[in-house]
Structure formats: structure tokens, C-alpha cells
Amino acid sequence: MSLVDRAATSTLPNLVQRNAEQDPRGAGIREKTRGVWQTYDWTAYRDNVRDFALGLATLGFKRGDKLSVVGDNRPQLYFAQLSAQALGGISVPVYQDSIASELVYVLNHAETSIIVAEDQEQVDKVLSLKGQLPNLRWIIYDDPRGLSFYNDPILKSFASVLEEGRTPGKVNPGYYDAEVAKGGADDTAMIAYTSGTTGTPKGVMLSHRNMIATAESFAEVNDIKAGDNWLSYLPMAWVGDAQFSLGLALVGRLTANCPENPETVQRDLRELGPDAMLAPPRIWENMLTLMQIKGNDASAMKRRIFEYFRGLAERCELKRTDGKNLSLGDRLGLVAGELLVYGPVRDQLGLRRARWCYTGGAPLGPDTYRFFRSFGINLKQVYGATEASALIACQADAEANPNTVGRPIPRVEIKIDDRGEVLLRGPNVFKGYFKQEEVTRDTVTSDGWLKTGDAGFFDKQGHLVIIDRAKDVGKLNDGSAFAPQFIENKLKFSPFIREAVAFGDQRSFVVAMIAVDIQTVGTWAEKQGLAYTSFMDLSRKAEVAAMIGEEIAKANASLPDVQQVKRYLLLNKELDADDAEMTRTRKVRRRFVAEKYASVIEAFYNGASSADVTMEITFEDGRKSTLSSTIAIHGEAAAAPARKAA
């Protein structure tokens, strides 16, 4: 019988109680503070959730109320969400780096009454918006540093709310258990706001059944063991973090580990050595860039050794993918490579102990994918959506393939409609969009099929292949298919290219706007003796443009001629979520970018050698400024001989 069908484990707070009863001294969650890992066992985990819930009750929080958390990953912010759910409330995590206008929209749309903020920075941000948040009653802060002399009556410390909940007589002793017992599997557990790639974020209502059933299905097809260490470092507002750090962690009794701060994630990852990991493509691309930089900075001998064994590993990975046997020389070479290169690299990345790793949230380029697998990292693809509780399909260990996202997780049906759009049905499908019933009806059919908005198909092995967002897939003038993400991922394999946006729909050839990686290109420039003062100054260097042209030519070599990038320019600023060019999960907002840079796109295709650009820049507090410049356009980078894509 499924967990969601048992009253004792039908909600996430129920699972906290179950884990405390079954494994009272097992590690439930950890955080690194001042260089030391602090552990909450499942008993302490349960007690914090219960006591904070009772404290919330003294503040008037009741069934149906909304509680938001804002900040980096912290046990107290996870406890707060579960406490709200225990009382029949709903958690609404928000992105900690959101600008003022984004926060105001989400908090008001969700009707948030209590905000739990990590520290002074987040408290200051919320206090500055207090006059625009009519539903807000309390701001509760976790880290008290810098807040000693704040006297706003709306403020309370997390510790004081816990103490209120522990004080005998403040709340009926049986109140907590009675409230938890009232909860049901189909109650809304959280509202996860979409990333807003096509417009205003929508509030996705996910039930306890959604979260738990999805976690169970994922656990059935992956090697998950109680006590496995999981690094909780992804934004808490992203549904992927909620599903893994709460849903899967509670279902499978994993130990969630919160790093000290975003700047120490790589160090903490290496120190922890997690048993499993999920990361969006940007993280894997950053790791690859780090390895490439270290390889380039090594001595000539070490560089040759690294490149030799890297080439061997990638050739062997391709043989495995094609079902070919490895020769004796290959196997011996891999043994030597494990000692000299592959093992040390996994150790540097903190993945020596990881039994499986997933990439999700957006497509990962096949070259980057094969790099990690060839180095012995069991990297696989996962496909999901906020409206599907984060998970739809994933790959088994023996079926890893950079060109597919695997098979549907158990109890999830997938079909492709006559327009090529991926539809799914199952217990992971959300309850609906909060306060947007008409949009919900447009997204979920009357018989329960969720329209994902993604274009895809099933291959001969029954694996799902995602081409791109359905609205982004187009055609060149000659009728050739144009899938921009495929081309962009080829370009981003270069350590010098941080972001790329390709255009070509209804055009005669493909062009691309490139945002360079300031770290790697800056290091390259220093080695070339090129002085620069800013991102804009660096991007305008003719030498940098020529070097990027060589990188584009390398990517073009693996693309069919019609999909090769013919013209390109280097942006004078990074694509930024604050400027609405990207979502908070680092997805390009194509429609907005196309409108914002319409004059640039026209310049690409009318043969101009430059384009005048005026861009609006948004600061965190909502203030705006403009940046005007003339950007050079470079042509015919595609000097490589045409050949079919791998």
C-alpha cells in the first residue's frame, strides 16, 4: 500500500513524526555554522517542527494561512514550512535574490501573513516593502546578528517563537497532534511559483499527496538508502529543492545538509561527499569550466596527461553508449586514468562517494554530459516541471543517454499529442494555479492530462526525448528544424561562454548573442597581456571576439551546416534575472530577450557590422538605469567543414 493511503503518513508533518519514531537518533538535517556541521537528529527535527508550530499558533496562524520563507537553505526555514503545514497552513518559499517588485507580487498574490527570514539582509528587504504588503502580520528572523536594536513591533526572533511554543499553558498540549491529525493527503502543502519564462509567475498548488507520491515513485527506480547524505543548496523556492530536501528526504529518511553559505558550496560539497546530488546545467557547466581552467593552468606534462586520459575516457564512454566492447588497452588505460586523473577529479568535485547524480531544470549539452560520465560520475538526466511536483521522467543507471530524459517514473503516464507536445497524467499533477482557475483549465484537460508546453517524442527504446519548449522550436527558411537550446548547449561547452542565445526561426541562417564568462575570459586576457576595466570593456576587445569566434567554430564543427552559427556578437553585460532576461533558475526568457534586443537581431540579418543598444538595468531595490553602447557584430565564424551532428 502506498504511503499516501495510510493516515499516519499522509502528510509531510506525519512523515516527520514517523521518522522520529522509527529512527529517533538518525541524522535528519545538518547545517554548517562557523565551520562546524551541526546535526539535528529526527527527534530534534520533530521537536523543532512541533514547537515552532505551537509558537505560530500563539501568533494567530491558522488553517489556510500562508507562510513564506526567504533566505539561503537553513534547517529553521525547512522547519517553518513544515510547522505551517502541520497547522493546516501552506508554505510559500520565495527566491532570496528576488528584486523588490518580484517579492511584492508573489507575497501579495499568495496572501502571505507570516514571513520567516534568514537574516538581517532579508529582514531589511521585507521591512522596506512592509507598506506594500497588507496581509503581512509578522516577520520572524532566524539569525539575530545585526538585529539587536531593531524595534519594529512586527519583528520576532525564531528562538522566541520556539520558546512560546515550549511554554506550558500557552497552547493546549494536545493541540498540535489534533491539528496534524486534521490534515489530509489532498490538502495543499505548498504554493511553488513558476520561474516566469513566459510572463508573470503562477502559483502552483501542490498537495501532500503530490509531494509524497512523486518522491515514492522516484525512490522506486533509484538507489536510495536511509541515511544518505543530500546537499541542500539549491534555491528553496525552486520546486526541485522542495521535492528533494523535503519530499524525498522525509519519504526516504535522507539527511539534508545545508552549506554554510552560497560561497562555500563547493568546499562544503567536497567536505561532505554526498551520496547523491541534483544540479541544474549551470552548476555542471561551472564544474566543467573549473576543471578546464585547472587543466590549462597545470604544467605542460600534467596538461598532456589530463588531455590524454580525458580523450580516452570520452572515447570509451561513446563506445559504451553505442554498445561496443572495450579493448584490453582501453580497460588498462581506464585503470591508470582512475589513479592519475578520474579519481582525483571526482574528489576535487566532492563526488567520489556519489552513487548517482542528476541534471535537471533545463537541457544539459551532450558534450558536458559525456565529460562527467566518462570520469566515472553516474550523471543522469531527469525531467520535470513545477506543475508535476518536480519529477516526470528519469534515467536508470544502465540507460543513461545525453539525448533522452529516460522513462516516466512509476504511475505516471505520458503521451505526445498531434502537435508534438508532451502531456502527462498521474499523482504528481498539481491541484491547480492559485487564484487562476481559467489558466488551470487551459493547462490541464478535463480528463486530467497536464500540458507541459514541451515538444518531444519517444525513441525506439521507449525513452522520452525533449526537443525544446514547444513555442521555441521553429524552422529556418529552407524548412530545416531550428531548436535553439541544442545549439546553445553546444556553444556553452566552451569554458569562455557563460550564456548564449540563438536566433534563426523563419530566417535564412543562425545567429547568436554571447555573454562571456568573466572569470575564464578575464584570466585568458591577463595571460595575453590585455588590460581591461569592466565586463563591457573586456567584451569589446577585438582579441576576445576573435577567440570566441574560434570557440564558435569548434561548436559549429559538430553541427549540420544549416544550424551552424554564421554571425555573433558579444553582449556588453551578463544576462540577468533582475533585468528579466533570465528566470531565477537561470532559464532564458526568450520572448522578452527577443523584444529587448529586436534592433540587434535585425542588424544581424541586414548585414550591419554593429548595432546600437540601449538597455535598462534594474537594481535590487527596484531603481532603474540605462546603458547605451554600440556593439560590434562578427560574421562567418563558421569556417569549420560541415558534418552531421553526433
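Which residues of H12 are buried? In this predicted model, the buried residues of H12 are Phe306, Phe309, Arg310, Gly311, Leu312, Ala313, Cys316 and Glu317.

## Helix H12 and its surroundings

Helix H12 covers residues 300–321, a run of 22 residues. The distance from its first C-alpha to its last is 31 Å, close to the 32 Å expected at 1.5 Å a residue. After H12 comes Gly323, which has a positive phi, near 75°.

The buried residues of H12 pack against three helices: H11 (281–297), H13 (328–349) and H14 (366–374). Two of these buried residues, Phe306 and Phe309, also belong to an aromatic cluster. The other members of that cluster are Trp284, Tyr308, Tyr342, Phe371, Phe372 and Phe375.

## Nonpolar cores

The largest nonpolar core comprises 120 residues, and Tyr45 and Val116 have the most contacts inside it. A second core, separate from this one, has 28 residues, among them Leu476, Ile497, Ala502 and Leu530.

The surroundings of Val116 can be listed in detail. Apart from neighbours within four places in sequence, Val116 is in contact with Phe52, Leu67, Ser68, Val69, Val70, Leu77, Ala80, Ile140 and Phe158.

## Aromatic pairs and charges over rings

Across the whole structure, a search finds 19 aromatic pairs. One of them joins Tyr40 and Phe79: the ring centres are 5.3 Å apart and the planes stand at 85°, so the pair is edge-to-face. Tyr40 lies in strand E2 (residues 36–41) and Phe79 in helix H3 (residues 75–86), so the pair ties together parts that are 39 residues apart in sequence. Tyr40 and Phe79 are both buried.

Two lysines are placed over aromatic rings. Lys202 lies over the face of Tyr433, at 5.4 Å from the ring centre. The charged end of Lys415 sits over the ring of Trp449, 4.4 Å from the centre of that ring.

## Asp41 in strand E2

Strand E2 also contains Asp41. With a relative accessibility of 17%, Asp41 counts as buried, because buried means under 20%. The side chain of Asp41 makes a polar contact of 2.8 Å with the side chain of Arg25. A polar atom of the Asp41 side chain also lies 3.1 Å from the backbone nitrogen of Thr43.

Beyond residues up to four places away in sequence, Asp41 touches Pro24, Arg25, Gly26, Ala27 and Gly28. Arg25 thus appears both among the residues touched by Asp41 and as the partner in the side-chain polar contact.

## Lys451 in strand E20

Lys451 is placed in strand E20 (residues 450–458). The residue is partly exposed, at a relative accessible area of 34%. Lys451 and Leu423 are separated by 28 residues in sequence, while their C-alpha atoms are 4.8 Å apart in space.

When neighbours within four places in sequence are left aside, the contacts of Lys451 are Glu421, Val422, Leu423, Asp442, Thr443 and Thr445. A polar atom of the Lys451 side chain lies 3.2 Å from the backbone oxygen of Asp442.

## Loop residues

Where does Glu111 lie? Glu111 is in the loop between helix H4 (100–110) and strand E5 (112–117). Although Glu111 is not a glycine, its phi is positive, about 65°. At 35% relative accessibility, Glu111 counts as partly exposed. Gln506 is another residue other than glycine with a positive phi, near 60°. Its place is the loop between strand E24 (497–503) and strand E25 (510–516). Gln506 is exposed, with a relative accessible area of 54%.

Lys225 occupies the loop between helix H8 (208–220) and strand E10 (229–231). This lysine is partly exposed, at a relative accessible area of 46%. Lys225 and Asn210 are 15 residues apart in sequence, and their C-alpha atoms are 21 Å apart in space. Leaving aside neighbours within four places in sequence, Lys225 is in contact with Gly252, Leu254 and Arg355.

Technical notes. Residues numbered from 1 in each chain as written. Predicted model: local features only at pLDDT ≥ 70, side-chain atom pairs only at ≥ 80, totals over all residues. Heavy atoms only, no water. Helix = DSSP H or I, 4+ residues; strand = E, 2+ residues; numbered from the N terminus. Expected span 1.5 Å × (residues − 1). Buried < 20%, exposed > 50% of the residue type's maximum accessible area, 1.4 Å probe, protein only. Contact = heavy atoms within 4.5 Å. Core = buried A, V, L, I, M, F, W, Y, C linked by side-chain atoms within 4.5 Å. Polar contact = N/O pair within 3.5 Å; in protein donor to acceptor, adjacent residues only side chain to side chain. Phe/Tyr/Trp six-rings, centres within 6.5 Å; stacked < 30°, edge-to-face > 60°. Lys NZ or Arg CZ within 6 Å of the ring centre and 35° of its normal.
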